[in-house]
Structures are given as structure tokens and as C-alpha cells.
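Colleague: Hi! Could you walk me through the aromatic rings in this one? I'm new to it.

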Amino acid sequence: MARSALLNVMVQAAMKAGRSLSRDFGEVQNLQVSMKGPGDYVSQADRKAEDIVFAELSKARPGYSFLMEERGVVEGDDGQHRWIVDPLDGTTNFLHGIPLFAVSIALERQGQIVAGVIYNPAMDELYTCERGGGPFMNDRRLRVAGRIKLVDTVIGCGMPHLGRGHHGNFLVELRNVMAEVSGVRRLGSASLDLAYVAAGRMDGFW
């Protein structure tokens, strides 16, 4: 597939951050970890990956703004473009040695998302998409699943954890969905959930 210059910048930043995460994943027991809130962890790995993405994207497009997981909002001179970055989506998985985590980068132009990259370094799976160009995984074009009947589907979900969300409401929703589908999966990384829908591995996500 032919990538635009902007998408190449995003891919390079995501893969460089992913290499850093891969090294830390092998030494996860030695990482310094703190809590932002109940059940909400942040580690050295998050911060290092975010520093890498910030440096790479700032160098390539100096005027663009940022919305980042740890830094928050960083305003740039360019009023049209903003990078949206989660340097480690799936921190709890990462800290427990579960290889389902990703670097996630999106580019917003005048309020619309025009490109996205999701990279799972543990499995070396790179998902890319540009507006109007369709999704790819490792340069292979993706197709959503073609299942028609709800009873045949596997649906991904997020799940409220300690200190977040209304557990009672979620259990009602889960019971209703489970009664209609083949299976429900909770991966622990929303960006990968959505990538799996694009790849046809799951049929939907809520």
C-alpha cells in the first residue's frame, strides 16, 4: 500500500514507541508504577512511549497541537491540526504480562479524524487507515466480518472497573447482549477492540 507522508510519520512514531514498550514488557517487574486513581495505573513505560511519540511528531510537524494521555493538551501554532495520542492503551494488560496493548495515534484536521495508527508491538501488528483509503493491517487490506445473524457474532466490550462507571447498568447491558450473541470478549485495550472489528475478528464493540 502507498502511504502518505503524514501516515508514514505516524507509523514511524508508533513503531519507535512500540520498540520501547517491547523492551519494558520484558522487564515489567522492574518498572516504577504509580496510580492516577482507583484501578488507573501509569508506569515509566507509558511516559517513555509518550515522550518518544511527542518528540517524533513534533520534529516532523512542529506546529501541530497535541491531546495526550499524560501531557494533556499541548497547543501548537497550527490551528488546523491536532495529534491525539495514547502511548500505551492497555496499561493493566501490559503490567500483568498480557500481550494485548497498543500505541494509538490519530490525526485530527479541522475537527475531523483523517488518519489513524494502532500498533501492537507484542504481536507486531500495525493497523493503519487514512480517510477515504480503508484500513490495513501490516499492509494487508482489511474487511469487516460478513456475518448477518446476531446469534453468530462475537462482540467486544469495555468494562467498568474499580472506581469507574456504573457496574449495575453494565451488568444489565451484558446480560442482554449475552442472550443474543455467540460470545462476548473484553480485550482490555479499546483501540485493539476497534482494530479487531475492522479486521473482522470481532463483529462489533460497545
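Colleague: Let's start with Tyr-64 and Trp-83: are they buried or exposed?

Modeller: Happy to help! Keep in mind that this is a predicted model. Both Tyr-64 and Trp-83 are buried.

Colleague: And what kind of aromatic pair do Tyr-64 and Trp-83 form?

Modeller: A tilted one, with 5.4 Å from centre to centre and 40° between the planes. Tyr-64 is in the loop between helix 2 and strand 3, while Trp-83 is in strand 5, so the pair ties together parts that are 19 residues apart in sequence.

Colleague: Nice. How many aromatic pairs are there?

Modeller: The count comes to six aromatic pairs. One of them joins Phe-25 and Phe-101: the ring centres are 5.0 Å apart and the planes are at 50°, so this pair is tilted.

Colleague: Where do Phe-25 and Phe-101 lie?

Modeller: Phe-25 belongs to helix 1, and Phe-101 to the loop between helix 3 and strand 6, so their pair ties together parts that are 76 residues apart in sequence. Phe-25 counts as partly exposed, at 22% relative accessibility, and Phe-101 counts as buried, at 1%.

Colleague: Which residues do ring pairs link into a cluster?

Modeller: Phe-25, Phe-94 and Phe-101.

Colleague: Changing topic to charges: which residue lies over the face of Phe-54?

Modeller: That's Arg-71, at 4.2 Å from the ring centre. There's also Arg-201, which lies over the face of Tyr-196 at 4.7 Å from the ring centre.

Colleague: Great, thanks!

Technical notes: Residues are numbered from 1 along each chain as its sequence is written. This is a predicted model: local features need pLDDT of at least 70, side-chain atom pairs count only at pLDDT 80 or more; totals for chains, interfaces and linings use all residues. Side-chain values use heavy atoms; hydrogens and water are left out. Rings of Phe, Tyr and Trp (its six-membered ring) pair if their centres lie within 6.5 Å; planes under 30 degrees apart count as stacked, over 60 as edge-to-face and the rest as tilted. Helices (H or I, at least four residues) and strands (E, at least two) are DSSP runs, numbered from the N terminus. Buried means under 20% relative accessible area, exposed over 50%, partly exposed in between (1.4 Å probe, protein chains only). A charge sits over a ring if NZ of Lys or CZ of Arg is within 6 Å of the ring centre and within 35 degrees of the ring normal.
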